[in-house]
Amino acid sequence: QLWMDEAKNGEINDPEAMAFSTVSNLGFPSVRMVLLRIFDQRGFVFFTNYNSRKSKELHENKNGALCIHWKSIRRQVRAVGIVEKVSKEESDNYYNSRPIGSRIGAWASKQSSVLNNRDELYKSIEDYKKKYPDENNVPRPDYWSGWSLKPTSIEFWLDGKDRIHQRLKYIKREDQSWEKILLSP
């Protein structure tokens, strides 16, 4: 939390941006940027369309990894773990906090599917604006929700002079306690 607070004061754009990796059922990794929306003792949460490539891969293989890099403060956090769906209530709460355009976009975009042209997307947006004219009454699509990476390891990296970085890693034990180790840069 301390590092996130510092990044929010120093990072120019999107201190919540994180690279998130999944693996296909054929063993091919895929990484993309998502926004970290919640993090607490349960894990790291982001929201997306469950029809997206990342969600399809998570349905096949629940292992995931993330990396948050704050260039401005010269730090990063990496985590590996098991990814699970968040509750409908948590998804509803976050969804309803989003601007109207983002809520309409969740309906209009068929994420990761082939788009014939941008006009097709713009028409879909306009159609959903007509369907949901009351911005206080735009329900969350069933296919739009959140994922939480429950870490089995977390590494904190701090930039060091002459590339002598500091690396502190926590590994979750079977008894759910955390083992703390130092890593060479």
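## Strand pairing

β5 and β6 make a hairpin, with 4 residues between the two strands. In the turn, Arg74 has a positive phi of about 60°. This is a predicted model. The two strands of the hairpin run antiparallel and are joined by 8 bridges. β5 covers residues 63–70, and β6 covers residues 75–85. One bridge pairs Trp70 with Arg75 in β6.

β6 also pairs with β7, again antiparallel, through 11 bridges. Here Val83 has Leu149 of β7 as its bridge partner. β7 spans residues 144–158. In a regular strand, side chains alternate between the two faces of the sheet.

## Largest pocket

The largest pocket has a volume of about 400 Å³. Its lining counts 20 residues. Closest to the centre are Gln1, Phe39, Phe44, Ile154 and Phe156. By class, the lining splits into 13 nonpolar, 3 polar and 4 charged residues.

Several elements contribute. At least two lining residues each come from α1 (2–10), β3 (38–40), β4 (43–49), β5 and β7. β7 gives the largest share, 4 residues. β5 and β7 therefore appear twice in this report: each of them pairs with β6 under the rule that two strands pair if DSSP finds at least two bridges between them, and each supplies residues to this lining.

## Second largest pocket

The second largest pocket has a volume of about 300 Å³. It is lined by 14 residues. Nearest its centre lie Phe47, Thr48, Arg98, Gln111 and Trp144. The elements giving two or more residues to this lining are β2 (29–35), β4 and α4.

The class make-up of this lining is 6 nonpolar, 6 polar and 2 charged residues. For the largest pocket, the split is 13 nonpolar, 3 polar and 4 charged. β4 contributes at least two residues to the lining of the largest pocket and two or more to that of the second largest.

## Helix packing

Two packed helices are described by the angle between their axes and the distance between the axes. For α4 (residues 100–108) and α5 (residues 118–131), the angle is about 115° and the axes are 9 Å apart. The crossing is right-handed.

On the α4 side, the contact involves Ile104, Trp107 and Ala108. These meet Leu121, Ser124, Ile125, Tyr128 and Lys129 in α5. The contact residues divide into 6 nonpolar, 1 polar and 1 charged. α4 also gives two or more residues to the lining of the second largest pocket.

Terms used
Residues numbered from 1 in each chain as written. Predicted model: local features only at pLDDT ≥ 70, side-chain atom pairs only at ≥ 80, totals over all residues. Heavy atoms only, no water. Axes fitted to C-alpha atoms, helices over the stretch in contact; angles between N-to-C directions. Left-handed = near helix turned anticlockwise from the far one by under 90°. Contact = heavy atoms within 4.5 Å. Nonpolar A, V, L, I, M, F, W, Y, C, P; charged D, E, K, R; others polar. 1 Å grid on protein atoms, 1.4 Å probe; cavity = no way out; pocket = protein on both sides within 12 Å on 5 of 7 lines; lining within 4 Å. Points joined across faces, edges and corners; volume = space filled by probe spheres on them.
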